[in-house]
Amino acid sequence: MTPPNILVILTDQQRIDTVGAYGGPICRTPHLDRFAQTAAVFDQAYTVCALCSPARATIYTGLYPHHHGMERNEIEFRDDARLISQDFRDAGYECGFVGKWHCGVEKLPRDFGFDGMSVPGYGNARKTPEYKAYLARAGLEPASVEPEGAGWSNNTVLMGKMGGPVEASVPYFLAEETIAMLRRYRDSGQPFLIFLNFWGPHAPYLPSEPYASMYDPAAIPPWPNFGDTFAGKPVAQRRYRDAFYGEGNPVRSWEEWSTWVARYFGFVTQIDAQIGRVVAALDALELAESTAVLFSTDHGEHAGAHGGVHDKEMLMYQETYHIPFMLRLPGQAAPGRVAGPISNLDIAPTLLDLAGIAPARPLDGLSLLPLLRGEPQPERDGEVLCMFNGHHVLYQSRMITDGAIKYVFNPTDHDELYDLQTDPWELHNQIDNPAYAGQLRALRARMEARLAAVGDAQVHKYFRDLFAPRLPARPENFTPYRD
């Protein structure tokens with residue numbers, strides 16, 4: 001049997017409600033919506049970590065962050081890290097990489113067997129030799145940035161417009177690079193694995209026209225949780241929110257935020273158009289019937305949710321952890337909607353399974369193919385474990401959810417419990433509500449078991465010490481003191 005080609009398309013920091021196929025009411029994604037009609041659409045997909053480097057490293061390895069070593073941004077892979085690209089190379093695949101890397105600066109895609117772009121760290125596409133060469137070939141001037149909004153202590157530009165024609169924009173350039181790579185690999189006759197990683201819609205939100213003016217801020221209503229006061233929630237959440245504006249400064253009004261959201265939506269729609277061009281190229285190159293296509297994102301975005309929170313990070317809300325995830329298999333009917341909870345931890349084992357490649361080392365994730373075939377998969381227990389280990393803030397947390405109820409363990413703050421069916425916008429922390437006591441006990445027991453099973457040793461020990469049952473403090477129950 002001929003091994004399939006594989007194309008993985010990843011956006012950066014895309015909310016699930018910006019995709020029409022997931023019921024997004026305002027932001028338009030016609031190309032992803034059309035793709036969804038031919039793909040398995042996972043309704044309960046989560047990111048393992050709502051932070052770029054840990055999430056991306058998990059996608060490339062199939063491992064939890066504490067196993068691949070990239071637990072935060074701006075650090076490196078462990079020395080023994082192995083990416084699935086190396087497995088695919090060993091199996092005779094061509095491996096291509098286009099776009100954002102953000103998995104360290106010491107080891108780049110080329111060091112793991114990828115052809116194509118190797119941009120250190122977060123990178124800046126407009127400064128790459130590939131972008132400059134593309135502009136020269138196309139006879140275009142470099143795109144310029146028209147800043148409109150900023151944040152953090154150094155007033156980093158985080159919102160505005162990209163000047164010049166769409167053809168000079170970064171999303172268009174990345175699509176062009178991918179289409180050229182598809183053509184080269186088709187002509188080589190070898191099966192291929194390609195990762196197309198857009199830099200957007202991650203801030204700075206910089207759509208080009210006409211996308212920058214596509215959405216009227218006045219027509220965008222506030223998020224239903226924009227009025228969140230963080231009452232009964234971890235104190236650190238308010239501090240993180242306020243750090244964007246400066247402690248003591250007023251929080252941005254929705255009138256202001258709606259302009260930011262309009263630019264964000266425009267950026268999403270602009271990228272959607274480029275995804276459409278790449279998917280159309282598969283048909284034009286007669287590759288569609290032999291190529292599996294996976295679309296997802298590394299994590300979501302608050303974009304003003306929960307009282308004006310920017311970015312993602314330590315708040316384990318649905319806006320940042322619940323992600324779009326679609327998989328189209330070559331030559332097979334669309335499986336439709338898939339309800340069971342999965343995570344991007346499952347991407348690597350799924351891609352290897354598609355190609356019939358045995359991983360060179362044990363993986364933490366599970367292939368999604370048995371789930372799509374309706375086969376029993378007893379290893380999959382119906383819940384996902386997510387984690388955060390700090391970045392802009394000194395904070396650790398762990399989350400477990402089945403898509404209906406969510407428990408968040410905050411070792412140095414209040415824990416959280418949300419009923420996602422009655423409170424989908426997570427306004428009410430039920431952690432002290434006696435009506436949820438039984439569910440809370442069950443979730444804590446399952447989290448304790450999960451932490452132990454995945455070897456999350458430091459957090460597991462602290463969790464166990466906090467919540468372990470204790471015998472009465474009587475002499476017959478005492479144990480000797482040990483130094």
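Begin by selecting helices α5 and α6 in this predicted model: their axes come within 11 Å and cross at roughly 90 degrees. An angle from 65 to 115 degrees counts as roughly perpendicular, and α5 and α6 are therefore described as roughly perpendicular to each other.

Next, display the side chains where the two helices meet. On α5, the contact is made by Glu130, Tyr131, Tyr134 and Arg137; on α6, the residues to select are Tyr172, Phe173, Glu176 and Glu177. Sorted by class, this contact of α5 with α6 has 4 nonpolar and 4 charged residues, with no polar ones.

Now restrict the view to α5, which spans residues 129–138. Which residues of this helix are buried? They are Tyr131, Tyr134 and Leu135. These residues lie on the same side of α5, because the arc they cover around the axis is only 100 degrees. Part of what covers the buried residues is α6, residues 170–188. Turn to the other side of α5 to find Pro129, Lys132, Ala136 and Arg137, which are exposed. Just after the helix, select glycine 139, where phi is positive, at about 70 degrees.

Finally, move to the strands β10, β3 and β13. In that order they form an open sheet of 3 strands with mixed pairing. The edges are held by β10 (322–323) and β13 (342–343); each has a single partner strand, so one side of each is left without a neighbour in the sheet. Select β3, residues 45–46, together with β10: the two pair in the antiparallel sense over 2 bridges. Within this pair, alanine 45 stands opposite isoleucine 323 of β10.

How values were computed:
Residues are numbered from 1 along each chain as its sequence is written. This is a predicted model: local features need pLDDT of at least 70, side-chain atom pairs count only at pLDDT 80 or more; totals for chains, interfaces and linings use all residues. Side-chain values use heavy atoms; hydrogens and water are left out. Buried means under 20% relative accessible area, exposed over 50%, partly exposed in between (1.4 Å probe, protein chains only). Helices (H or I, at least four residues) and strands (E, at least two) are DSSP runs, numbered from the N terminus. The arc is that of the directions from the helix axis to the C-beta atoms. Contact means heavy atoms within 4.5 Å. Two strands pair if DSSP finds at least two bridges between them. Axes are lines fitted to C-alpha atoms, for helices over the stretch in contact, and angles run from 0 to 180 degrees between N-to-C directions. Angles under 35 degrees count as roughly parallel, over 145 as roughly antiparallel, 65 to 115 as roughly perpendicular and the rest as oblique. Ala, Val, Leu, Ile, Met, Phe, Trp, Tyr, Cys and Pro count as nonpolar, Asp, Glu, Lys and Arg as charged, and the others, Gly among them, as polar.
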